[in-house]
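Let's take a walk through this structure together. We'll look at how its two chains meet, then at its sheets, and finally at the empty spaces inside.

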Amino acid sequence: MPDQPFDYSVVHPREKPTAGDENMQMSASNATLRHLADRLLCVRGGSTDPSGVSTSGFFADGFRVVPVTDFTPLAVDISPGTGLHYRASGTNGPQRAVGTVEGLNDLNSLQPLVLSQKQRIVVDPQPPMGTTRMDIIEVRADRFFADPSTRPVFDEPTGDFIPGIRNKTLTYDTFARVGRVLAGNESVLPISYKVGVADVTGAEQPPAASVGYLRIATIRVRNAVDLQGGVLQPEDLADVRRLLFPSGTFTGDLTYRVSTVGANPPTPELLFGSVPPGILFSLIGSQAAGGACALVVTGPLLTFSAHVTVSDLASNIAAGDILFSRVSSILATSFDLGALAAACNTAVAAPQIRIGPRQPGCLLTFHTVRMVGAAQTLPNGTPANLYYTITFRGSY
Amino acid sequence: MQGPFERLVGNYLEELLSSDYNAAQAQQERSLRFLLEQVYAARVADDNATGAPAPTGFIGDAFRARPTSPLGNSILLRRGLGLQYAAQVGTDLVTQVPGFLANTSGVADLSPYHPLVLLNDEVIALDAPPAQPNNRVDLIEVRYRRSAADNQQRKQLNPPGRNKVTVGMNKTVSPVMDGLTQRFTAAQDSTSPIAYKVGVAGANPVVPPTTPGYQAIANILVRNVAVNPGATITDTAIIDLRPYLFPHGIGEAYARVVSTTGALIPASVTSVNAPPGVQIASVARGVTGARTDVYVIFGSSRALNADVSIQSAPAAGAPGFILPQWSIINRTISAQDQIDLGGLLASPQPTLVTIGQPVSVVSLRATTQNNGASDDAPAALGALVLYHLSLKLLRR
């Protein structure tokens with residue numbers, strides 16, 4: 001059967017194609033496209049393992065969970081978009097003759113995850129005072145028949161075509177296929193809201209992900225004292241989606257102007273940025289002495305790297321002086337950002353973003369040193385502005 | 001139809017012919033392969049911006065020859081996808097590929113960019129090792145496959161009798177190469193999609209010639225049992241000859257190398273952001289100047305551009321800054337390289353490579369600069385020097 005990548009089916013002279021042939025043709029095209037996507041998006045096995053490994057993930061902001069701020073009770077929205085779920089088995093996993101329809105094969109393990117429109121999920125009520133709860137949203141690929149239509153269908157006993165209702169579309173859309181389960185239970189529906197167990201604030205933990213599901217967000221549900229107004233805030237959500245890039249790697253380039261006047265923390269201003277969609281970043285002026293800055297990049301990254309150069313376009317340093325940047329540290333594997341998350345939404349951050357302490361991300365810290373003759377100084381105020389070019393790479 | 005992206009149209013009340021069904025699929029695949037051709041075309045040369053014809057190559061670690069596990073006198077080819085550019089000698093598959101019924105029309109291969117498809121790891125058993133004192137070099141080569149497959153009994157119109165008769169016919173055009181390995185001698189031209197070509201044993205064995213129309217992907221050094229008593233094939237016996245496919249011929253990679261000064265110990269390679277199949281390893285070379293050689297192996301390609309920066313600051317209390325110095329050489333793995341990479345100064349340890357494997361070597365060194373004076377003593381450099389390598393992998 002033409003069910004492998006780049007196969008295509010043949011119809012011979014004077015042969016009347018069957019419905020199975022028609023289905024097979026589309027199945028073959030579909031298998032080719034998904035195989036190609038699998039090979040283009042596969043990732044390394046690790047830093048020292050160059051083997052290509054198939055992976056699951058999401059494109060851009062597809063399936064990104066955001067808080068609903070104009071709606072009560074508590075709710076979140078899942079952004080429409082696309083992902084790919086690599087799974088060899090599971091509910092509605094790879095299968096030949098889906099729904100016993102001849103030729104309707106879905107054999108590639110890289111299955112589409114589609115959300116055609118914004119999906120709202122109402123969150124369980126806030127926990128008692130003194131406690132907090134961590135919920136999660138997880139998803140899996142799915143498919144089902146849709147688009148019922150009345151079509152003439154051959155009736156073998158009579159030899160006539162009789163109108164009959166047939167589903168004309170096999171869809172992967174997960175919209176409105178939402179379930180809710182409590183922690184300790186396995187999710188069932190393609191989009192699943194899993195309610196955690198409230199615990200003393202600070203000790204709350206998210207429920208475990210279900211087998212065969214991809215966790216896309218954690219939701220911190222604070223009690224009515226800590227979260228007044230009954231509306232979730234961006235800081236209550238953590239985006240834990242793995243994003244899809246060719247070979248699992250992406251690059252971002254940023255140009256900043258950073259003011260280092262006086263003893264205040266340096267103030268960054270983003271001049272130019274080229275960062276793929278789905279990734280948040282913020283440069284924080286973290287330390288006055290030496291104009292130290294910290295770049296936060298969100299995402300559950302496996303590796304993160306960066307390269308920083310500094311210049312002084314204003315040319316207000318003395319002749320003979322030299323500026324050079326020093327990378328203080330790179331935390332190259334993602335971690336929960338914790339207190340850093342709040343710093344991303346302060347006056348010394350650019351852009352100012354609102355993320356939560358459970359948000360996974362990576363961190364680069366750096367500063368500039370000025371050589372004045374034989375001496376080495378920190379560039380407080382001279383020059384007034386530093387121009388940084390930062391190139392960073394991450395991989396999932 | 002003249003070119004890619006054109007579509008066959010079925011008109012109102014028109015009875016579609018078998019050739020229409022076939023042509024529609026052929027056209028769809030032509031469009032997809034045309035698109036890949038555009039994506040992978042590289043410029044002709046540094047001083048020539050023209051796009052060269054789409055290159056033959058492999059995505060990630062597809063078709064990469066590896067030792068089997070457990071080790072044996074055998075290898076495996078990693079599953080994946082390659083593309084082979086082969087000028088068309090005709091597009092009609094019915095005349096080129098045996099197995100289709102006469103007069104079948106529209107079954108065509110309209111793109112010169114052919115998929116090389118391996119769905120599962122392919123294990124290849126090798127000929128027994130030669131007698132002492134000889135050795136042997138074998139060759140693995142591949143070419144695209146197009147075959148008629150999936151024979152079925154189908155009904156076909158019989159014009160003389162105005163009835164339908166059951167006829168056996170192949171229903172699939174398949175490029176899948178799984179299980180299609182055959183063995184050939186050095187003097188023979190290969191004929192199977194995956195060919196294992198056995199070299200001639202000798203004191204100085206030579207590689208069998210590549211069959212016209214084939215792409216060589218690996219050389220295997222088969223040592224005699226006196227040298228290799230277990231008759232096993234390891235990574236010290238496999239030369240990866242696969243050309244890589246990168247969009248527009250340029251791939252990107254990143255690695256961090258942590259070199260220790262004042263002690264001759266391995267410089268760890270961490271945070272590798274690189275496409276699958278790319279191998280990066282280091283060998284520490286000296287105490288002073290934190291000298292390290294970084295080996296980058298990506299098939300037969302061995303050209304890269306590197307940008308190196310240093311994260312470290314000078315030793316505590318020392319003024320100035322640290323500058324990286326580096327050089328790049330493209331060559332093949334030497335006997336000394338093999339010893340070094342397999343030794344105690346390598347990272348990862350051991351890194352097994354084969355003499356003759358194309359490689360790019362980036363030699364790193366660090367030095368402090370302080371108002372015109374340089375110093376590469378460990379006391380000036382500090383305990384660790386952290387190099388950041390930003391690499392462009394070029395298909396040359």
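Before we start, here's a bit of vocabulary for later: Ala, Val, Leu, Ile, Met, Phe, Trp, Tyr, Cys and Pro count as nonpolar, Asp, Glu, Lys and Arg as charged, and the others, Gly among them, as polar. Also keep in mind that what you're looking at is a predicted model.

Start where the chains touch. On the chain B side, 73 residues are in contact with 60 residues of chain A. How big is the area buried between the two chains? It comes to about 5,700 Å², and carbon and sulfur atoms give 53% of that. If you want to find some key spots in chain B, go to Y21(B), Q25(B) and N273(B): these lose the most area to chain A, and together they make up 11% of what that side buries. As background, the size of an interface is often given as the accessible area lost when the parts come together.

Now for a sheet. In chain B, three strands form an open sheet in the order β3-β6-β7, with antiparallel pairing. Why do β3(B) and β7(B) each have a side without a neighbour? Both β3 (57–58) and β7 (113–118) of chain B stand at the edges with a single partner strand each, so one side of each is left without a neighbour in the sheet. Zoom in on the pairing of β3(B) with β6 (residues 80–85) of chain B, and you'll find two bridges in the antiparallel sense. In one of these strands, β6(B), L83(B) is the bridge partner of G57(B).

Helices from both chains lie across strands of this sheet. From chain A, α1(A) lies across β6 and β7 of chain B and runs at about 100° to β6(B). From chain B itself, α1(B) lies across β6 and β7 of chain B too, at about 95° to β7(B).

Another sheet takes strands from both chains. Its order is β1(A)-β11(B)-β10(B), an open sheet of three strands with antiparallel pairing. The edge strands, β1 (8–9) of chain A and β10 of chain B, each pair on one side only. Two bridges join β1(A) to β11(B), and Y8(A) has V173(B) as its bridge partner in β11(B).

Next, the open spaces. The largest pocket has a volume of about 1,900 Å³. Its lining has 40 residues, and P17(A), T18(A), A19(A), G20(A) and E22(A) lie nearest its centre. Which element gives the largest share of that lining? That's α1(A), with seven residues. By class, the pocket lining has 16 nonpolar, 10 polar and 14 charged residues.

There are closed spaces as well: six cavities of 30 Å³ or more. The largest cavity has a volume of about 140 Å³. It is lined by 13 residues, with R64(B), D235(B), I238(B), Q279(B) and Q357(B) closest to its centre. That lining divides into five nonpolar, four polar and four charged residues.

Finally, the second largest cavity has a volume of about 90 Å³. Among its 15 lining residues, E29(B), R33(B), D109(B), R146(B) and V173(B) lie nearest its centre. You've met V173(B) already, as the bridge partner of Y8(A). The elements α1, β7 and β11 (163–174) of chain B each supply at least two residues of this lining. Sorted with our opening vocabulary, the lining has eight nonpolar, two polar and five charged residues.

Key
Residues are numbered from 1 along each chain as its sequence is written. Chains are lettered from A and ligands numbered from 1 in the order in which they are written. This is a predicted model: local features need pLDDT of at least 70, side-chain atom pairs count only at pLDDT 80 or more; totals for chains, interfaces and linings use all residues. Side-chain values use heavy atoms; hydrogens and water are left out. On a 1 Å grid over the protein atoms alone, a cavity is a set of points where a 1.4 Å probe fits but cannot get out, and a pocket is an open set with protein on both sides within 12 Å along at least five of seven lines; lining residues have an atom within 4 Å of a point. Grid points are joined across faces, edges and corners, and a volume is the space filled by probe spheres set on the points. Helices (H or I, at least four residues) and strands (E, at least two) are DSSP runs, numbered from the N terminus. Two strands pair if DSSP finds at least two bridges between them. Contact means heavy atoms within 4.5 Å. Axes are lines fitted to C-alpha atoms, for helices over the stretch in contact, and angles run from 0 to 180 degrees between N-to-C directions. Buried area is the accessible area (1.4 Å probe) that two parts lose on being put together, summed over both.
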